[in-house]
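Me: Please take a close look at a single part of this structure with me, and explain it slowly enough for a first-year student to follow. I would like one connected account that sets that part among its surroundings.

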Amino acid sequence: MLSLPKISIKVNVLTVILLVATLIASSLLVSQYHFSQKLAVESTHKTFELIFKNLTEYWHREGGDMRNVLFAKREQSELLEPITFDPFHPALDSLIDALQVRQNLYAIYFAQQDGHYFQVVNMKESPSFFDAYQAPPNTVWTVITIIENQRQLAFLDEDLTLINKTLSAKKYDPRVRPWYVDAINTDGVIRTKPYLFTNLNQPGVTFATQLETKGVVLAIDLTMDWLNEVLALQKMDEKSEIFLVSPSGKKFASSNFVQQQVSPQKNATLSPVMSFTQEEETYLKNHQTLLVSNENDWAPFDFEEAGEPRGFSIDL
């Protein structure tokens with residue numbers, strides 16, 4: 001007769017207890033995971049909502065300030081005086097006053113019916129402006145005049161004393177620019193979408209309005225520096241990045257752009273291990289400045305972002 005194995009009641013009870021404990025622990029872990037995930041998602045949503053609220057408030061505030069400046073200056077009769085290559089246009093003092101009263105303004109300018117264009121640039125806003133315009137070190141204001149495809153740059157110091165001026169060919173008609181076209185077809189003040197300022201190779205926006213005299217448009221350029229600074233203040237930690245992109249997917253403002261602007265430039269020197277042929281050395285001696293470019297649509301290897309080359313090949 002076969003004998004059945006004897007199982008202790010204690011073993012049965014212990015097994016049941018372990019199974020129940022395992023089920024309870026598993027249930028608690030799953031619940032904790034889902035609860036933690038829910039809290040993380042809710043916290044992220046709240047953070048994004050707060051950032052969006054802050055950015056919206058800053059954006060509307062900047063827009064309101066720009067409109068106030070334009071409305072205050074559009075009544076100036078000096079803006080109707082003919083534009084010539086004399087940098088001391090009757091409207092110069094009034095335009096400089098606008099740049100001094102309001103920070104973060106890159107430039108203020110106006111265009112007339114004949115296509116003549118007069119602009120004042122606040123050089124104190126960024127050291128990069130000096131490279132862009134090849135301005136003397138003590139320049140405070142750069143006056144740009146464009147008449148019939150000729151551009152004059154006049155550099156003034158703090159006392160509005162002329163330091164130097166240059167004249168070069170420049171094919172530019174303000175009457176076909178979006179800010180001018182939109183302004184003459186709209187009542188009040190228009191604001192462009194962010195676009196690249198070709199002179200600076202930096203993104204920015206333009207606010208513009210037409211004067212009572214048809215065809216005369218007053219405008220203000222605002223770089224994205226102020227927005228980069230606002231985005232930097234919203235960062236959650238040092239390794240995070242907050243950025244804005246255009247509908248085409250190009251990044252035009254970022255919290256990291258502030259670090260890039262203040263970080264010292266790396267010395268552009270040739271590696272000591274580089275060697276050239278005699279023909280290459282002769283070519284380099286005869287061509288002190290080499291023009292190079294990169295791809296703008298080969299991400300992530302080689303592409304353009306807010307006017308700056310980016311990608312693995314650039315990093316290497």
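**From one threonine to a strand**

Reply: Thr47 has a relative accessible area of 22%, and it therefore counts as partly exposed, since the buried class is kept for values under 20% and the exposed class for values over 50%. Please keep in mind throughout that this is a predicted model. Thr47 sits in helix H1, which covers residues 9–73, and its C-alpha atom is separated by 8.8 Å from that of Met236, although the two residues are 189 residues apart along the chain.

Another threonine leads us to the part I would like to examine closely. Thr145 belongs to strand S3, and because its relative accessibility is 0%, Thr145 counts as buried. If we leave aside residues up to four places away in sequence, Thr145 touches Ile83, Thr84, Phe85, Tyr117, Phe118, Gln150, Arg151 and Gln152.

Let us now widen the view from Thr145 to the strand that holds it. S3 runs over residues 141–147, and seven of its seven residues are buried. In a regular strand the side chains alternate between the two faces of the sheet. For S3 we can therefore ask about each side in turn: which residues lie on one face, and which on the other? On one side are Trp141, Val143, Thr145 and Ile147, on the other are Thr142, Ile144 and Ile146, and since every one of these is buried, both faces of S3 are covered.

The next step is to ask which strands pair with S3. One partner is S2, residues 117–122, which is joined to S3 by six bridges in the antiparallel sense; within this pairing, Tyr117 stands opposite Ile146. Another partner is S4, residues 150–156, which also runs antiparallel to S3 and is joined to it by seven bridges. Here Trp141 of S3 faces Leu156 of S4, while Ile146 has Arg151 as its bridge partner in S4. Ile146 thus appears in both pairings, opposite Tyr117 and opposite Arg151.

The link between S3 and S4 is a hairpin with two residues between the strands, and in its turn Glu148 has a positive phi of about 50 degrees. S4 is itself mostly covered, with six of its seven residues buried. From S4 the chain goes on into a further hairpin, this time with five residues before S5, and Leu160 in that turn has a positive phi of about 65 degrees. S4 and S5, the latter covering residues 162–169, run antiparallel and are joined by seven bridges, with Ala154 opposite Lys165.

Contacts between side chains add to this picture of paired strands. Val120, leaving out residues up to four places away in sequence, touches Trp141 and Thr142, and among its other contacts are Leu92, Leu95 and Ile108. Val120 is also one of the residues with the most contacts inside the largest nonpolar core, which has 40 residues; Leu95, Ile108, Phe110, Phe118 and Leu218 share that description. A second, separate core has 23 residues, and these include Tyr109, Met123, Leu153 and Val217.

S3 also takes part in the wall of an open space. The second largest pocket holds about 330 Å³, and of its 17 lining residues, those closest to its centre are Tyr117, Tyr172, Arg177, Thr198 and Asn199. S1, S2, S3 and S7 are the elements that each give two or more residues to this lining, and S7 gives the largest share, with three residues. By class, the lining of this pocket has 10 nonpolar, three polar and four charged residues.

Finally, we can place the strand within the protein as a whole. The protein has eight helices and 14 strands, and buried residues make up 36% of its 316 residues, whereas in S3 seven of seven are buried. Among contacts in the protein with a separation of 6 or more, 45% are between residues 24 or more positions apart. In summary, S3 is a strand with both faces covered, paired in the antiparallel sense with S2 and with S4.

Key:
Residues are numbered from 1 along each chain as its sequence is written. This is a predicted model: local features need pLDDT of at least 70, side-chain atom pairs count only at pLDDT 80 or more; totals for chains, interfaces and linings use all residues. Side-chain values use heavy atoms; hydrogens and water are left out. Buried means under 20% relative accessible area, exposed over 50%, partly exposed in between (1.4 Å probe, protein chains only). Helices (H or I, at least four residues) and strands (E, at least two) are DSSP runs, numbered from the N terminus. Two strands pair if DSSP finds at least two bridges between them. A nonpolar core is a set of buried Ala, Val, Leu, Ile, Met, Phe, Trp, Tyr and Cys residues joined through side-chain atoms within 4.5 Å. Contact means heavy atoms within 4.5 Å. On a 1 Å grid over the protein atoms alone, a cavity is a set of points where a 1.4 Å probe fits but cannot get out, and a pocket is an open set with protein on both sides within 12 Å along at least five of seven lines; lining residues have an atom within 4 Å of a point. Grid points are joined across faces, edges and corners, and a volume is the space filled by probe spheres set on the points. Ala, Val, Leu, Ile, Met, Phe, Trp, Tyr, Cys and Pro count as nonpolar, Asp, Glu, Lys and Arg as charged, and the others, Gly among them, as polar.
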